[in-house]
Amino acid sequence: MNGLSMGAMHPRVLIVGAGLRGRMFAHVVATEPQAELVGFVDPALPHGATATIDGQPFPVWRSIADAYAEADPNSAIIATPDFLHADAVTELANRGAALMLEKPVATTPEDTARIDDAVARAGVYCMVAFENRWNTPFLTIRQSVEAGQTGAPIFQAARLSNTYSVPQRMLSWAAKSSPLWFLMPHTVDLVQWIGGADIRTVFARGTRGVLAGRGIDTWDVVHVLAELTDGSTASLTSAWVLPESHPAPVDFTYELVGTQGSALTDIGRSGVQVFQDRHTTVGVLGGAFDGIDSGAPAWMTRRYLADLRSGRSPETPLAAGIQVNRVLFAVERSLRSGASEVVT
């Protein structure tokens, strides 16, 4: 089934991971009248802990088994660190839960295969959280490509980077990740989704040492030149070393050039420019109105809940996430070999 529909259900949602992303997803679920948030699983929190969402306390269990012993979830959102996805997905799929899984699917070929096998055997719904498919600028570009306004793609260019604040302060597990795994899943998915073709070869270069000097031994920046199955090309760059003085913690630009036109968006600078003791950019693509979150992750989560209520298949099925992982594994091979690598 590989993450297709399971039939209609009333979502009773368990959040695995009570960090920033888990709590953001929980807020969306808790404010949806046709869904229920049952609580969280997070072994890092003490036994008997609670998490407060919109003024209401929800239980936090230390294991999935404990959650099932006290509650009756039929669905779950996995928002753990990237390298911890496989065990949670396997256990939840075996229990028949419909899943929304944070990108990337996993960070090793072995864990990716485990997840694929578990979801296929259980026949459960599984959606991968490529939230930028609900990001208005990218959806607009995708629609213009589908309408033939840009013609056939010639090349795409995507840059998605963070300031030092992300690896140094936001992610306690940054040394077990990288710009490749934390950021590039988004741009690989966008390039394939908007362009309408898969990446078939990659040539990668990167540098490391700056973050290692700050105690985080991972890549500073990764560059990728890719060829797609339609003969078009794409360049992708992701870094974790932008200065703290950058106007926004995220720098995100995307461009598509086709045979009849082009499209360009600058997500990082789409906002209100504020000048005080320093220059900052306040984003305008999200926000809350009457307590309702209007950002792309929230719309994605609502699509997940709506799919479960209607029995619909996911917009971003597990197969899409596995294809992105195949590309990223090829990038890792290219970084090691110094040569172009085929996506397998």
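These legends accompany close-up views of a predicted model.

**View 1. The open sheet of 7 strands and its two edges.** In this predicted model, the strands of the sheet lie in the order β3-β4-β2-β1-β5-β6-β7, and their pairing is mixed. The edge strands are β3, which covers residues 50-53, and β7, which covers residues 126-129, and each of these pairs on one side only. From one strand to the next, the twist of the sheet averages 25°.

**View 2. The pairing of strand β2 with strand β4.** Strand β2, formed by residues 36-41, and strand β4, formed by residues 56-61, run parallel and are joined by 2 bridges. One position to look for in this view is Val41, which stands opposite Trp61 in β4. As background to views of this kind, the side chains of a regular strand alternate between the two faces of the sheet.

**View 3. The crossing of helix α1 with helix α10.** The axes of α1, residues 20-30, and α10, residues 296-310, come within 9 Å and cross at roughly 60°. An angle counts as roughly parallel under 35 degrees, as roughly perpendicular from 65 to 115 and as roughly antiparallel over 145, with the rest oblique, and α1 and α10 are therefore oblique to each other. The crossing in which α1 passes α10 is right-handed.

**View 4. The residues that bring α1 and α10 into contact.** From α1, the residues Arg21, Met24, Phe25, Val28 and Val29 take part, and they meet Pro297, Ala298, Met300, Thr301, Arg302 and Leu305 of α10. Divided by character, the residues of this contact between α1 and α10 comprise 8 nonpolar, 1 polar and 2 charged.

**View 5. Strand β12 and its pairing with strand β8.** Strand β12, which spans residues 250-258, is mostly covered, with 7 of its 9 residues buried. Strand β8, residues 153-162, runs antiparallel to β12, and 9 bridges join the two strands. Within this pairing, Phe155 has Val257 of β12 as its bridge partner.

**View 6. The hairpin formed by β12 and β13.** Strand β12 also pairs with strand β13, residues 262-266, in the antiparallel sense and over 5 bridges. These two strands, β12 and β13, form a hairpin in which 3 residues lie between them. Here Val257 stands opposite Ser262 in β13, while in the pairing with β8 the bridge partner of Val257 is Phe155.

Definitions and conventions:
Residues are numbered from 1 along each chain as its sequence is written. This is a predicted model: local features need pLDDT of at least 70, side-chain atom pairs count only at pLDDT 80 or more; totals for chains, interfaces and linings use all residues. Side-chain values use heavy atoms; hydrogens and water are left out. Two strands pair if DSSP finds at least two bridges between them. Helices (H or I, at least four residues) and strands (E, at least two) are DSSP runs, numbered from the N terminus. Axes are lines fitted to C-alpha atoms, for helices over the stretch in contact, and angles run from 0 to 180 degrees between N-to-C directions. A crossing is left-handed if the near helix is turned anticlockwise from the far one by less than a right angle, and right-handed if clockwise. Contact means heavy atoms within 4.5 Å. Ala, Val, Leu, Ile, Met, Phe, Trp, Tyr, Cys and Pro count as nonpolar, Asp, Glu, Lys and Arg as charged, and the others, Gly among them, as polar. Buried means under 20% relative accessible area, exposed over 50%, partly exposed in between (1.4 Å probe, protein chains only).
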